[in-house]
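Q: I'm new to this structure and would like a close look at one part of it. Please start with the whole chain, then zoom in.

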Amino acid sequence: MAEALSLCSVTILAEKFSPDTTSDGAAGILLPKEFPDVSLERQRCWFKNTFDHLLAIAESPSAPEAGVFLSPGYQIFREVPSDTKPYWSNYVFGFRTMTDYEMKRFPNHKFGQSFTTIKCECQRYLPWLEKRFRDAGGQIKQEKVTNLKQLTHYYDVIVNCSGLGSRSLAGDQDIHPVRGQILKVHAPWVKNFIRDGDGKTYIYPGISYTTLGGTWQMDDWRLEVDKGDSESIVERCSQLVPSLHRAQVLEEWVGLRPGRRNLRVESERLQVEGHDVLVVHNYGHGGCGITLSWGTALDALGLVRNGLHEQLPHARL
């Protein structure tokens, strides 16, 4: 936003910043799910635009600092899925069905897909993004926003990316927590990601650690580590890669995904004391925050551009 709207003043307000956000613990791998009531064409654009943008970073000199890199691996299924060639398969590299010989590694699974996607190591990626934002002239303020109306006296446009906070800020009861617990382990011998098609068991190699997961617990607000969940994660992942039984655990981590039936990217007008303010919503990504980040951000940017009045070339966001 700060780079695209160079004539505008852009400020990020948040109660917490990296390393204390949900995204800091995210696996950061580009693997989308399908939102039921959003057109596939729109979802394709979200994923393709994100993939293309992050690929350019992965192929640039900034890749090590940004923590963005190509990641080859497998997605495996206990039963053959109804859609064996998902909408995003044309945008990742080398997408193909795994051979019977390859599937012998996973005797409890009947079908698999092999491809190369992109991974962001978020503990590197988020600080790098913050620096990029500041270099573009953006301002950052650590502040808890309790009501969007409190911002209308200071900003001409509000972009709401508050995730679960939208339950109160936008009055949206459709958004709910999806509790995710993961382990970060030292396993440099693991080179390929492996994800069970149910989305609950996964192994994602990174630069500094390998992420083992996970849980998908709806409407669960617990932020404490559950030792039973950790044991289950190690056991499930070790069934796929037995050597992980011996991997050193570096960290146990819990975060709450902002779950919603359909991701919300849309605008509305907020009327406060005769003052008309554009609000652009961009939240409800669930486990696809990094996966669809740049695509939905471009959509939100388009809504901001469409909503800005021509007489406000120096708007405050």
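How much area does the protein chain expose, and what share of it do carbon and sulfur atoms supply? After that, please take me to the loop between strand E14 and helix H7.

A: Happy to, but keep in mind that this is a predicted model. The protein chain exposes about 15,600 Å², and carbon and sulfur atoms supply 50% of that area. Buried residues, meanwhile, make up 50% of the 317 residues.

Let's get the overall build first. The protein chain has seven helices and 14 strands. Its radius of gyration is 20 Å, close to the 20 Å that the globule rule gives for 317 residues, so the chain is as compact as a globular protein of that length. If you draw a box around the C-alpha atoms along the principal axes, you get roughly 65 × 40 × 40 Å. Among contacts in the chain with a separation of 6 or more, 75% come from residues 24 or more positions apart. As for charge, there are 36 positive and 38 negative ones, and their mean positions are 3 Å apart.

UniProt's unreviewed entry puts a "domain: FAD dependent oxidoreductase" at residues 9-297. Over that stretch the chain is 22% helix and 32% strand, and the end C-alpha atoms are 17 Å apart.

Now for your loop. It comes after strand E14 (275-283) and before helix H7 (293-307), and glycine 286 lies in it. Isoleucine 290 is found in that loop too. Both turn up in the UniProt record: the unreviewed entry gives the feature "binding site" to Thr22, Ser23, Val145, Gly286, Gly287, Cys288, Gly289, Ile290 and Thr291. Those positions span 270 residues in sequence, and the farthest two C-alpha atoms are 26.1 Å apart, so they do not all gather at one spot.

Zoom in on glycine 286. It counts as buried because its relative accessibility is 14%, and the cut-off for buried is under 20%. Leaving out residues up to four places away in sequence, glycine 286 touches Arg257, Pro258 and Gly259.

Slide along to isoleucine 290. Its relative accessibility is 13%, so isoleucine 290 counts as buried as well. Here the list of partners, again without residues up to four places away in sequence, is Gly28, Leu30, Thr50, Leu54, Cys120, Cys122 and Tyr125.

While you're rotating the model, a few other loops are worth a stop. The peptide bond from serine 18 to proline 19 is cis, with omega near 15°, and proline 19 is found in the loop between strand E1 (11-14) and helix H1 (40-58). There is also a cis peptide bond from glycine 213 to glycine 214, with omega near -5°. Glycine 214 has its place in the loop between strand E10 (210-213) and strand E11 (217-218).

Just along from there, aspartate 219 lies in the loop between E11 and H6. Its phi is near 55°, a positive value in a residue other than glycine. Aspartate 219 is exposed, with a relative accessible area of 52%. Aspartate 229, on the other hand, sits in helix H6 (residues 227-240) and counts as buried at 13% relative accessibility. Apart from neighbours within four places in sequence, aspartate 229 is in contact with Arg179, Gln181, Thr215, Gln217 and Arg222.

Note on methods. Residues are numbered from 1 along each chain as its sequence is written. This is a predicted model: local features need pLDDT of at least 70, side-chain atom pairs count only at pLDDT 80 or more; totals for chains, interfaces and linings use all residues. Side-chain values use heavy atoms; hydrogens and water are left out. UniProt positions are given in the numbering used here, feature names are shortened, and annotations may be inferred rather than shown by experiment. Helices (H or I, at least four residues) and strands (E, at least two) are DSSP runs, numbered from the N terminus. Buried means under 20% relative accessible area, exposed over 50%, partly exposed in between (1.4 Å probe, protein chains only). Contact means heavy atoms within 4.5 Å. The radius of gyration is taken over C-alpha atoms; the globule rule is 2.2 Å times the number of residues to the power 0.38. Accessible areas come from the Shrake-Rupley method with a 1.4 Å probe; for residues, only the protein chains shown count as cover. Lys and Arg count as positive and Asp and Glu as negative; His and the chain ends are not counted. The place of a charge is taken as NZ of Lys, CZ of Arg, CG of Asp or CD of Glu.
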